[in-house]
Amino acid sequence: MVNEPTHAPLLSIVVPVYGVEAYLYQCLESIRADIPAGESDAVELIAVDDASPDGCGAMLRSYAGRDGVRVVHLSSNVGLGLARNAGLDVANGRYVWFVDSDDWLPPGTIAAVLDRLRQHQPDVLMLDHLRVHEDGRREVDASSHLLRGVPGVVRLADQPHLLRVQHTAWNKVVRRAFLDELELRFFPGWYEDIPFSHPLLIGAEKISVLDRVCYLYRQGRQGAITSTRSGRHFDAFGQYERLMDWVARRHPDERLQAELFELMISHYLVVVGNDDRLHPHLRRAFFHRVAEHYRRYLPTGGYPVPAGVTGLKHRLVGRGDWLAYSALRQAHRVTGRLRRPGPPASPDAGTDEDPNRADATTTRAAEPVEATERSDALAGGRLP
């Protein structure tokens, strides 16, 4: 059941909801309270109840019918990507913004977003964010500096470093007709932002950057996939296959493919190296799947190799050398434990921590490329 609006808004904010009873009120109220006076017709809020097993459904029913709030109740759990699609299907706004239900917006965000959409009328509006930890500490994302100093409206060819900004859905506001032109939807499974976020920037003729913190990204919530050991991390392979297929069909550019290849391998290395994601008995199989993708997608002209240890890991993947990679990983962890103050870590403690996270219950944004490894990705040479 969906309550229909009586206007065509400029912006639809879609919030998929599952298992976030403790955070939902903060998220929704940060949006509702931030809509400027006189702009109620410009913004609609669509909350999608993805058959949440807690009290979220009842909370959303209490919101249904309020000004600017529409609620979609799904009869069964479909996961984050398909829940976003359900919200997109009923969205009436010229632009759509996917906001995760355990995150929230800082004051003044919506006014700034509306102003920029009207001023630049972009295909994609990129936003900055802060990471907020459970103790309240706020942290700048390692890729945020890439948003600095981008003038006016640009294309990716003009500012290629934008491809290295955290590739999530929630840091982009997208023109709805542009989504249709690219034939983009979310796929099921974890890491669902991979075949969605990159194509937005690749296909856009008009990209605008709002160099302002517009999103507060919650860290450390129980159930995050970055702290959940599961075979579902293998979903990343299918998502990257979809991305590479889309690029090959729509934008067969060798330089672009080389950039995406490096990002893909670096992302895989974060997953395979993090003890919080893979059971030890799955790590070897994951590594060999990475090596298979390396051989399948390696650009004929090579690609930009990261510097340092990450670059060495790339080379070991290229050789399919699990034993050498495993030894390097263990040595890296021993060195990390010796350097870190405080109580000793367990022998299996991970040090390839990815500061980006997604939800372990298919309710969060997909896992972006690990920011600290990305930042030096062009420092090395090209690997043939």
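Me: Two strands count as paired if DSSP finds at least two bridges between them, and strands (E, at least two residues) and helices (H or I, at least four) are DSSP runs numbered from the N terminus. In which sense do β1 and β2 pair, and over how many bridges?

Reply: This is a predicted model, in which local features need pLDDT of at least 70 and side-chain atom pairs count only at pLDDT 80 or more, while totals for chains, interfaces and linings use all residues. Residues are numbered from 1 along each chain as its sequence is written, and side-chain values use heavy atoms, with hydrogens and water left out. Strand β1 (residues 11-17) and strand β2 (residues 43-49) pair in the parallel sense, over 7 bridges, and within this pairing S12 has E44 of β2 as its bridge partner. Between these two strands the chain passes through helix α1 (residues 24-32), and the β-α-β crossover is right-handed (with the strands pointing away from the viewer, the path from the first strand over the helix to the second runs clockwise).

Me: Which strand besides β2 does β1 pair with, and how is β1 placed with respect to the rest of the structure?

Reply: β1 also runs parallel to strand β4 (residues 95-98), to which 4 bridges join it, and L11 stands opposite Y95 of β4. To judge enclosure, take buried as under 20% relative accessible area, exposed as over 50% and partly exposed as in between (1.4 Å probe, protein chains only). For β1, 7 of the 7 residues are buried, so the strand is largely enclosed by the rest of the structure. Both faces are covered, with L11, I13, V15 and V17 buried on one side and S12, V14 and P16 buried on the other.

Me: Which strands does β8 pair with, and in which sense?

Reply: β8 pairs with β4 in the antiparallel sense over 3 bridges, and V174 of β8 is the bridge partner of V96. Strand β5 (residues 124-132) likewise pairs with β8 in the antiparallel sense over 3 bridges, where V174 is the bridge partner of V124. Strand β8 (residues 172-175) points K172 and V174 one way and V173 and R175 the other way, and all of these are buried.

Me: How should I read the sign of phi, and where in the loop between α5 and α6 does it matter?

Reply: Most residues other than glycine have a negative phi. E183, however, has a positive phi near 55 degrees, and Y191 has one near 65 degrees. E183 lies in the loop between α5 (176-182) and α6 (194-203), and Y191 lies in the loop between α5 and α6 too. Their surroundings can be set side by side: E183 is exposed, with a relative accessible area of 62%, whereas Y191 counts as buried at 0%.

Me: What span is expected for helix α10, and what follows the helix?

Reply: The expected span is 1.5 Å times one less than the number of residues. Helix α10 (residues 308-319) has 12 residues and reaches 17 Å from its first C-alpha to its last, close to the 16 Å expected. Its buried residues include T310, K313 and L316, and the helix is followed by G320, with a positive phi near 65 degrees.

Me: How many disulfides does the structure hold, and how many helices and strands are there in the protein chain?

Reply: A disulfide is a covalent bond between the sulfur atoms of two cysteines, identified here by a pair of cysteine sulfur atoms within 2.5 Å. The structure holds 0 of them, and both C56 and C214 are buried, each at 0% relative accessibility. The protein chain has 12 helices and 11 strands, and buried residues make up 57% of its 384 residues.
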